[in-house]
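Please look at the structure below with two topics in mind: how the protein meets a DNA strand, and how one of its helices is packed.

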Amino acid sequence: MSPESKADKHARALEILRRLEGAYPGADCALHWKDPFQLLVATILSAQTSDEQVNKITPDLFRRYPNPAALAAASQAEVEGAIRSIGLFRNKAKNLRLMSAQLCEEFGGEVPQTMEQLTALAGVARKTANVLLGTAFGIPSGIVVDTHVHRLAIRMGLCKRTERYPEKVEKELMPLFPQDRWVFVGHALILHGRQVCIARAPQCDTCPLSDVCPKRI
DNA sequence: ATCCCGAGGG
DNA sequence: CCCTCTGGAT
């Protein structure tokens with residue numbers, strides 16, 4: 001099979017975007033949150049965990065710890081107990097407490113709005129920072145590459161099939177889509193990955209993107 | 001490259 | 001049983 005040209009790949013990416021806009025017009029963050037601090041906490045919790053599992057525990061968590069000062073003051077055991085059901089709970093509890101203390105000490109209890117400041121927080125790397133910048137602050141600084149976006153980018157032939165690093169996948173995806181659609185692309189691909197292009201059993205027969213997908217799985 | 005880790009689905 | 005889930009730190 002001859003390799004796809006850059007122009008063809010770009011045109012196909014824009015058609016994929018059109019299909020996503022048609023299939024998931026209201027695609028949005030599935031995590032429940034009311035302010036940037038809550039979104040930051042929920043996103044840290046969401047690592048290797050389904051959003052439903054996170055949404056089950058955050059109402060009680062946000063009631064107990066409504067702000068960074070409250071979460072920074074909580075004990076490790078207390079926080080672990082509140083988030084145990086989602087897995088990776090020791091690391092997440094430690095990061096939540098450290099991150100909250102950083103917000104209090106360095107940013108007056110507010111969530112910062114730059115990539116550099118966000119990624120300096122405990123438990124926050126580029127993916128989580130992109131979620132905050134794009135979804136909480138309306139600043140499209142990149143494309144969220146989580147486990148779904150990573151898998152779909154490979155299946156759709158939008159990045160190298162052997163690419164293992166999310167940041168490199170993101171750099172391949174960004175020039176393929178208009179910057180003002182980057183946030184939507186992340187939300188829509190995650191939704192599509194959960195509902196149709198499922199990890200174990202992709203539903204190719206009912207997929208609205210089937211004819212613009214190389215299907216190299 | 002490895003570790004963290006419980007819940008849900010097949 | 002096995003695989004997967006809106007990753008990040010060491």
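In this predicted model, a backbone N or O atom of Ser-46 lies 3.1 Å from a phosphate oxygen of DNA strand C, which is listed here with two further polar contacts (a polar contact is a pair of N or O atoms within 3.5 Å).

| Residue (backbone atom) | Partner atom in DNA strand C | Distance |
|---|---|---|
| Ser-46 | phosphate oxygen | 3.1 Å |
| Gly-123 | phosphate oxygen | 3.1 Å |
| Ala-30 | base oxygen | 2.9 Å |

Helix 8 (126-136), helix 9 (147-155) and helix 11 (182-195) are the elements that give two or more residues to the surface near DNA strand C, where helices are DSSP runs of H or I with at least four residues, numbered from the N terminus, and near means that a heavy atom of the residue lies within 4 Å.

Of the 25 residues around DNA strand C, Gln-48, Asp-51, Thr-128, His-148 and Arg-151 come nearest. Sugar and phosphate account for 67% of the strand's atoms that come within 4 Å of the protein.

Turning to helix 5 (residues 76-83), Val-79, Glu-80, Ala-82 and Ile-83 are buried, that is, under 20% relative accessible area with a 1.4 Å probe, protein chains only. Because these residues cover an arc of only 165° around the axis, they lie on the same side of helix 5; the arc is that of the directions from the helix axis to the C-beta atoms.

Residues are numbered from 1 along each chain as its sequence is written, and chains are lettered from A and ligands numbered from 1 in the order in which they are written. Local features need pLDDT of at least 70, side-chain atom pairs count only at pLDDT 80 or more, and totals for chains, interfaces and linings use all residues, while side-chain values use heavy atoms, with hydrogens and water left out.

Technical notes
A polar contact is a pair of N or O atoms within 3.5 Å; within protein, one must be able to donate a hydrogen and the other to accept it, and residues adjacent in sequence count only if both atoms are side-chain atoms. Buried means under 20% relative accessible area, exposed over 50%, partly exposed in between (1.4 Å probe, protein chains only).
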